[in-house]
Amino acid sequence: MRHAAVLVTVDGGHRIIPPEEEDNDLNIVASFDRRGDHIYTGNGRGKVLVLCSKTLENKASFKVTQGTTSVTAIKTIEFSRRGNSFLLNSADRIIRVYDSKTVLECGKDGDPEPLQRLQDLVNKTTWKKCCFSGDGEYVCAGSARQHALYIWEKSIGNIVKILHGTKGELLLDVVWHPLRPIIASVASGVVSIWSQTQVENWSAFAPDFKELDENVEYEERESEFDLEDEDRSITPDEKKQDEDIEVDVTSIEPIAACYSSDEEEDRKEQLLFLPVAPEIEEPEDTWGIEGLDSLETGRKSGDSKENSSPKKKRPKTYDIQLENPPINELHPLLASKPSKDKSTYSGKRAGRPPNSKKGDRGKPGK
C-alpha cells in the first residue's frame, strides 16, 4: 500500500516500523524470521534492515547490489523452517540465499556474501514466489510468466527438476509441505498438488513375498490351519514368548519430524496432543457448545423453538489509524485490472448528446 510496515498485535495495538531516512522508499516487504525474534524488511532500493521485534532497534543492514554499482528492488523474503537460511527474491531475476547469523554478525551497513545465487540463465525467468523445502535442503521457485516450478539443491546450487503445469496459466503462489515431498501451486484459481508417483513393492515388507503373474495352486501344509501344532519343536523360551507385553498408551511422545533443527529438547509449553471431538453420524443443526447452551436455556424457560438457530459470536475488529495513508489506492494484488468505470466515462466529452437538435436544448427529456 506504499506505506511503512506496521507491526500489529492481537489486542489491536500497532507500531509503525520506521524506514531508513536516507532510503525514503515505501515499497517495503517484511517478514519475521523463524523464531520471530527479528523482522527483516526490504525496500525497492535493495536495502535490507534487520530489526528487533520487541524494541524495533536496528540490528543489521545491508544492500543487495546488481554487479558493482546498481541496486535491485526486493520483492519477497522467505525463511526456511530448519536452519538459519532465508531467500531474497529480487527484481534482477536472481534468488539469493543468505545465512541469518552471518547477516547479524556483519552488523549495520555490512556486506554479507550470499551462500547461493539461483537463476535461470537460459530463459531469464522472473520469479513470482519462492520457498524452501521442509528440511531446508531444496529451493523451489515459481515462474511469473507461466505455470512452471524450478527446484534447486541448496548445498550445490544446481537445478534438479523443472515441473511444467498447464499452458496459458499464470502462477500465483507456491507452498512446500513442511514434512513430506509435496508441493502445492496456485494458478488460475486451481490448486495443483505435485508429488512423487508411489510404486507398490510388497516384497520390501515381507522378504518371502512373491508376486505372481497368474494363478498358482497352493498346497497347504498338514499343520498349517491346526489350532495346535503337534509336530512343532518345543523351545526353551516358550514361557517368555507367551507372556503378555504391556503397551503404554498414555504417555505422549513427541514426533521428531515436527521439530526444527534446534528444538530437539522437549519443552513443556509445546502442544503435543489435540483432543478430538466425538464423531456423530447424524448431527443436529444445534450441535456444539453454543448449541448446547441454547438448548439448556430453552428448556429452562420453555420458550425454545424447533427452527431456532444458535447465535453466532461477532468477531472483534480493530481499526488501525495510519499516519498519511495512501488515498484511493488499491492493493497491488487487486490493482492488476483497470476499473471499468474509469474507462467508460473517460472518453466521453461534456455537452449535449450527439443526436440532439438545436431547438431541443430547453425541452425536457421524454
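Two strands are taken to pair if DSSP finds at least two bridges between them, where strands (E, at least two residues) are DSSP runs numbered from the N terminus. The structure is a predicted model, in which local features need pLDDT of at least 70 and side-chain atom pairs count only at pLDDT 80 or more, while totals for chains, interfaces and linings use all residues. Residues are numbered from 1 along each chain as its sequence is written, and side-chain values use heavy atoms, with hydrogens and water left out.

**First stop: strands 15 and 16**

Select residues 148-153, which make up strand 15, together with residues 159-164, which make up strand 16; the two run antiparallel and are joined by five bridges. Within this pair, L149 stands opposite L163 of strand 16, and I151 stands opposite K161 of strand 16. The two strands form a hairpin with five residues between them, and in the turn G157 has a positive phi of about 95°.

**Widening the view: the sheet**

Now add strands 13 and 14 to the selection, and an open sheet of four strands appears in the order 13-14-15-16, with antiparallel pairing. Strand 13 (127-132) and strand 16 stand at the edges, each with a single partner strand, so one side of each is left without a neighbour in the sheet. Neighbouring strands of this sheet are turned by 20° against each other on average, direction ignored, the axes being lines fitted to C-alpha atoms and the angles running from 0 to 180 degrees between N-to-C directions.

**Next: T126**

Move to T126, in the loop between strand 12 (116-118) and strand 13. Leaving aside neighbours within four places in sequence, T126 is in contact (heavy atoms within 4.5 Å) with R93, G142, S143, A144 and R145. To follow another link from this loop residue, select I94, which is 32 residues from T126 along the chain, with 8.1 Å between the two C-alpha atoms.

**Then: L49**

Strand 5 (residues 47-52) holds L49. Is L49 buried or exposed? At 7% relative accessibility, L49 counts as buried, the classes being buried under 20% relative accessible area, exposed over 50% and partly exposed in between, with a 1.4 Å probe and protein chains only. From L49, a C-alpha to C-alpha distance of 9.8 Å leads to H38, eleven residues away in sequence.

**Last stop: V8**

Finish at V8, in strand 1 (residues 6-8), which counts as partly exposed at 44% relative accessibility.
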